[in-house]
Structures are given as C-alpha cells and as structure tokens.
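Biologist: I would like to go through this model piece by piece. Please show it, and then take my questions in turn.

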Amino acid sequence: MKNLKKSSFTLIELVVAIVVIGIAVTSIPMLLSTTSQSFSTHLKSKSFYNAYSTLALIESMDWDEQNTKNDNFYKILRSQGDNELYCKIHYQKFYIKYEREGVYQLDNESGADCSYDQASKIGTDEGENDSSQYDDVDDFDGYENDDLAYYNIKVGVKYVQDNADYTAKNIFYNDNLDSSNKRTNIKYIEINMTDKTGKLVSVIRGKAYNIGAVKIYSRNDL
Ligand SMILES: [Ca+2]
Ligand SMILES: [Ca+2]
C-alpha cells in the first residue's frame, strides 16, 4: 500500500505533465517550419554563390575567341560601327601611315596596322563541345546549371549598344543594355536564377569590355 501511494501522480503533477506535453506538441510544427525555412535559405545562398562564381569565372575569360589565339589576349579587336576606332590614314611628311586609333598604346607596337581581327559572333567556337572547353566570355551564352538542389541558373551573353566616344579624353560608357545586331565593344552577361517551377528569383548582370582579357597574374600558396 505504501509503495503504491509513492508511485502515484498527484492531480497537480498530472496537470503539469499535460501542459508540458501540450507545449511540446504545439512546438513541433513551428520547429519543422523553422528547419525547412533555414534549409531553403541555405539552398538559396548556395545557388547565389554558384551564380556569382559563374559570373566571376566568365569575366575572367578572354573577351573574345580571337583573344585566345597566339598572343592576342591583350589586344582590342575591331568592332562594327565604332568609326573612331577604325583605321585612319595619317599623312606624314614623306609617307602615308595607316593606323588603327586606340590600339597603338595597348599593343605596345609602333604603328599598329589594319589587319586586326574582328570580334567574333556570340557563342561557342569550333571544337568547344562542353563547358570545360569554354575559353572566352560569349562561349557561355546559353550555359545552364540545373544540377543544383532547387534553383537553376542560366547564362545569356549578347552585344549591347555602345555609344562611347573613344576619341574623348575620358571615355564614358552609358548603361544602355539594348542588344545590338552589330559586334560592339561591350558584351553584356546576364545570369537568371529560377526555382524548379520556373519562377525567376534573381538576376545578376555584368559587362565585359573589349580590352582583351583580365588574367590572374600569379598565385602563391603559403
Ligand atoms: Ca571560345
Ligand atoms: Ca566564343
């Protein structure tokens, strides 16, 4: 009898136990929702990271396929419509000299000739069948990464209007993102991030200018 009395609950103990169980049960959906919310935030951050690193990777490439050839990586290429950068004839004292404006100093050559390559059309080039072979900015046009857990990223690259005056002392580029049917000095990069239902979640934009390439100079592992 003594033992039975000791192991019994009092009414107060019972009420407290019910209240505690009640709180625990009502907290479960909240806990689950917080967990799934932080998981979704984690996926989104991971996809953002992927989109930003893809943009950084693209912008570190040669500006154009022509820049990947021989020692052309530092050269600006001939674009269409920028007359001020076309070859001009200079009448000097005893001879006629053809020079392409703007190229002179970048090339570090005395008297650049007019044989410079044209900027290429947007897209991949011969022999570039998968993204590991891409070597210039516009190869990434149409590139998609849908291996991510929830979000997809898709890249678009196009030439955009270029109204900069290259003869001016200070060159200003306006923010006109209208596509151009000419090969201009500006390639516009857009990365769209969508969820699995196809809803657009974020857009990251970048531009690459006709200055050849930005290369990593060196790397020291310490
Ligand atoms: Ca290429
Ligand atoms: Ca290309």
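Modeller: One term comes up later, so here it is. A nonpolar core is a set of buried Ala, Val, Leu, Ile, Met, Phe, Trp, Tyr and Cys residues joined through C-beta atoms within 7 Å. Note also that this is a predicted model.

Biologist: How many helices and strands does the chain have?

Modeller: From the N terminus on, the elements run α-α-β-β-α-β-β-β-β. The chain has 222 residues, and 20% of them count as buried. The secondary structure comes to three helices and six strands.

Biologist: What is the strand order of the open sheet of four strands?

Modeller: The pairing in this sheet is antiparallel. Its edge strands are S3 (144-145) and S6 (200-209), each pairing on one side only. The order is S3-S4-S5-S6.

Biologist: In S4, which residue is the bridge partner of Asn-145?

Modeller: S3 and S4 (residues 151-159) run antiparallel and are joined by two bridges. The partner of Asn-145 in S4 is Ile-153.

Biologist: How many bridges pair S5 and S6?

Modeller: The two strands form a hairpin with four residues between them, where Gly-198 takes a positive phi near 95 degrees. Across the pair, Ile-191 stands opposite Ile-204 in S6. The pairing is antiparallel, and the number of bridges is nine.

Biologist: At what angle to S4 does H2 run?

Modeller: H2 takes in residues 11-59. This helix lies across S3, S4, S5 (186-195) and S6. Its angle to S4 is about 25 degrees.

Biologist: What should H2 span, at 1.5 Å a residue?

Modeller: The helix has 49 residues. The expected span is 1.5 Å times one less than the number of residues. The end C-alpha atoms of H2 are 72 Å apart, which agrees with an expected span of 72 Å.

Biologist: At which residue does H2 bend?

Modeller: The bend is about 30 degrees. A proline, Pro-29, follows within four residues of the bend. The residue is Ile-28.

Biologist: Does H2 lie largely buried or largely in the open?

Modeller: The number of buried residues is four, out of 49 in H2. They are Ser-47, Ala-51, Thr-54 and Ile-58. What covers them includes S4, S5 and S6. With four buried of 49, H2 lies largely in the open.

Biologist: Which residues have the most contacts inside the largest nonpolar core?

Modeller: This core has 18 residues. H2, S4 and S5 are the elements that give two or more residues to the core. Those with the most contacts inside it are Val-137, Val-157, Ile-189 and Ile-191.

Biologist: Beyond its neighbours within four places in sequence, which residues is Ile-191 in contact with?

Modeller: Ile-191 is among the residues with the most contacts inside the core. Its partner across the strand pair, Ile-204 in S6, is on the contact list. Leaving aside those sequence neighbours, the list is Ala-51, Thr-54, Leu-55, Ile-153, Val-155 and Ile-204.

Biologist: Does Ala-213 count as buried or exposed?

Modeller: Ala-213 lies in the segment after S6. Not counting residues up to four places away in sequence, Ala-213 touches Met-61, Asp-62, Trp-63, Asn-67 and Phe-73. The cut-off for burial is 20 or more other C-beta atoms within 10 Å. Ala-213 has 20 such neighbours, so this residue counts as buried.

Biologist: What distance separates the C-alpha atoms of Ala-213 and Asp-136?

Modeller: Along the chain the two are 77 residues apart. Their C-alpha atoms are separated by 8.9 Å.

Notes: Residues numbered from 1 in each chain as written. Chains lettered and ligands numbered in written order. Predicted model: local features only at pLDDT ≥ 70, side-chain atom pairs only at ≥ 80, totals over all residues. Pairing = 2+ DSSP bridges. Contact = placed C-beta atoms within 7 Å. Axes fitted to C-alpha atoms, helices over the stretch in contact; angles between N-to-C directions. Bend = angle between axes of the 7 residues up to and from the residue. Buried ≥ 20, exposed ≤ 12 C-beta atoms within 10 Å, placed from the backbone.
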